[in-house]
Amino acid sequence: MTRAEDFANHVDALAGKPPANVYYQNLADGTPISALVYQDVPEAGMLIGVTYGLSLLDNPAWTRGRPELLIGVRSTDHRWARAVGLLAVNLTDCPFSYGNVLNFGQPITEESAMDHFVIFAPTLLDQQDFLNVLDAPEGAPAQDVVNIAGIYPIHASEAAAINDGGMEAFWKSGADLYDVTRPPVL
């Protein structure tokens with residue numbers, strides 16, 4: 001079985017079903033990046049998007065493993081997952097580390113004014129389901145360790161506050177991280 005198949009099987013098992021759709025884009029060097037979309041997971045009305053292919057890239061910041069991204073929102077619009085795939089394709093030098101704020105440059109969909117994302121631990125998964133998801137052996141090189149990072153849509157004012165050192169304030173604000181129509185909390 002290939003690494004991609006192992007990863008897809010892991011995510012399919014967590015979702016309890018195969019993806020409703022998969023969107024593909026290629027980097028300039030031909031490396032494929034996909035966005036797997038799961039509808040009604042973990043509950044009706046939610047959409048989960050997970051990238052695959054980002055972890056195939058090299059980044060000097062990735063010393064303990066390489067990331068893939070997971071978004072979970074209350075929406076049926078696949079553009080949320082596609083946007084995360086676009087970020088993976090267009091920000092290949094980004095470390096995608098906890099606390100990184102990413103500017104999408106425009107509202108992500110018409111249903112929301114949110115135009116930024118922040119990276120943090122995926123709250124929809126237990127730690128054993130997002131760290132070393134391919135079960136690389138202890139001491140394996142970073143390129144063999146795949147971790148899933150959560151990516152959350154946020155408002156521009158929240159992005160500014162987080163960039164000014166307000167990640168803790170945002171996280172403790174009680175914001176519904178899955179509600180794409182919520183008002184800004186910061």
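## Around strand β4

Let's start with one pairing: Arg66 has Val146 in β7 as its bridge partner. Keep in mind that this is a predicted model. The strands behind that pairing are β4, residues 66–74, and β7, residues 146–154. They run parallel, with five bridges joining them.

On β4's other pairing, with β3 (residues 46–52), the sense is antiparallel, again over five bridges. Here Val50 finds its bridge partner in Leu70 of β4. How much of β4 is buried? Eight of its nine residues are, so the strand is largely enclosed by the rest of the structure. As a reminder for anyone looking along a strand like this, side chains in a regular strand alternate between the two faces of the sheet.

## The whole sheet

Zooming out, there are seven strands in an open sheet, and the order reads β1-β2-β3-β4-β7-β6-β5. The pairing is mixed. Which strands sit at the edges? Those are β1 (21–26) and β5 (101–103), and each of them pairs on one side only. From one strand to the next, the twist averages 25 degrees.

At the β1 end, the partner is β2 (residues 32–39), and the two pair in the antiparallel sense over six bridges. Within that pairing, Asn26 stands opposite Pro32 in β2.

## Helices across the strands

Two helices are worth picking out for how they lie on the strands. Helix α1 (residues 3–15) lies across β2, β3, β4 and β7, and its direction makes an angle of about 165 degrees with β3. Helix α4 (residues 156–171) lies across β5, β6 (116–120) and β7, and it runs at about 25 degrees to β6.

## Aromatic pairs

Searching the whole structure turns up six aromatic pairs. One of these is Phe120 with Trp171: the ring centres are 4.3 Å apart and the planes make 50 degrees, so the pair counts as tilted. It links distant parts of the chain, with Phe120 in strand β6 and Trp171 in helix α4, 51 residues apart. Are these two buried or exposed? Phe120 is partly exposed at 23% relative accessibility, and Trp171 is partly exposed as well, at 30%.

Trp171 also pairs with Tyr152, with centres 5.5 Å apart and planes at 75 degrees, so this pair is edge-to-face. This too joins distant parts of the chain, from Tyr152 in strand β7 to Trp171 in helix α4, 19 residues apart. Tyr152 is buried, because its relative accessible area is 4% and the cut-off for buried is under 20%. Put together, Tyr98, Phe120, Tyr152, Phe170 and Trp171 form one aromatic cluster.

## Ser75 and its neighbours

Back to the far end of β4: Ser75 lies in the loop between that strand and α2 (79–90). With a relative accessible area of 6%, Ser75 is buried. What does its side chain make polar contacts with? One partner is the side chain of Trp80, at 3.5 Å. Another is the side chain of Glu111, joined to Ser75 by a polar contact of 2.5 Å. Leaving out residues up to four places away in sequence, Ser75 touches Gly45, Met46, Leu47, Trp80 and Glu111.

In helix α2 itself you'll find Arg82, which is partly exposed with a relative accessible area of 42%. Arg82 and Asn21 are 61 residues apart in sequence, while their C-alpha atoms are 10 Å apart in space.

## Nonpolar cores

The largest nonpolar core has 27 residues, and those with the most contacts inside it are Leu69, Phe96, Leu102, Phe117 and Ile151. Who supplies it? At least two residues each come from β2, β4, α2, β6 and β7. The largest share belongs to α2, with seven residues.

Leu102 is a handy place to look at what's going on inside. Not counting residues up to four places away in sequence, Leu102 touches Leu87, Leu91, Cys94, Phe96, Asp115, His116, Phe117, Ile119 and Ile151. Apart from the largest core lies another one, of 16 residues, including Val41, Ala121, Val146 and Ile148. That brings us back to where we began, since Val146 is the bridge partner of Arg66.

Note on methods:
Residues are numbered from 1 along each chain as its sequence is written. This is a predicted model: local features need pLDDT of at least 70, side-chain atom pairs count only at pLDDT 80 or more; totals for chains, interfaces and linings use all residues. Side-chain values use heavy atoms; hydrogens and water are left out. Buried means under 20% relative accessible area, exposed over 50%, partly exposed in between (1.4 Å probe, protein chains only). Helices (H or I, at least four residues) and strands (E, at least two) are DSSP runs, numbered from the N terminus. Two strands pair if DSSP finds at least two bridges between them. Axes are lines fitted to C-alpha atoms, for helices over the stretch in contact, and angles run from 0 to 180 degrees between N-to-C directions. Contact means heavy atoms within 4.5 Å. Rings of Phe, Tyr and Trp (its six-membered ring) pair if their centres lie within 6.5 Å; planes under 30 degrees apart count as stacked, over 60 as edge-to-face and the rest as tilted. A polar contact is a pair of N or O atoms within 3.5 Å; within protein, one must be able to donate a hydrogen and the other to accept it, and residues adjacent in sequence count only if both atoms are side-chain atoms. A nonpolar core is a set of buried Ala, Val, Leu, Ile, Met, Phe, Trp, Tyr and Cys residues joined through side-chain atoms within 4.5 Å.
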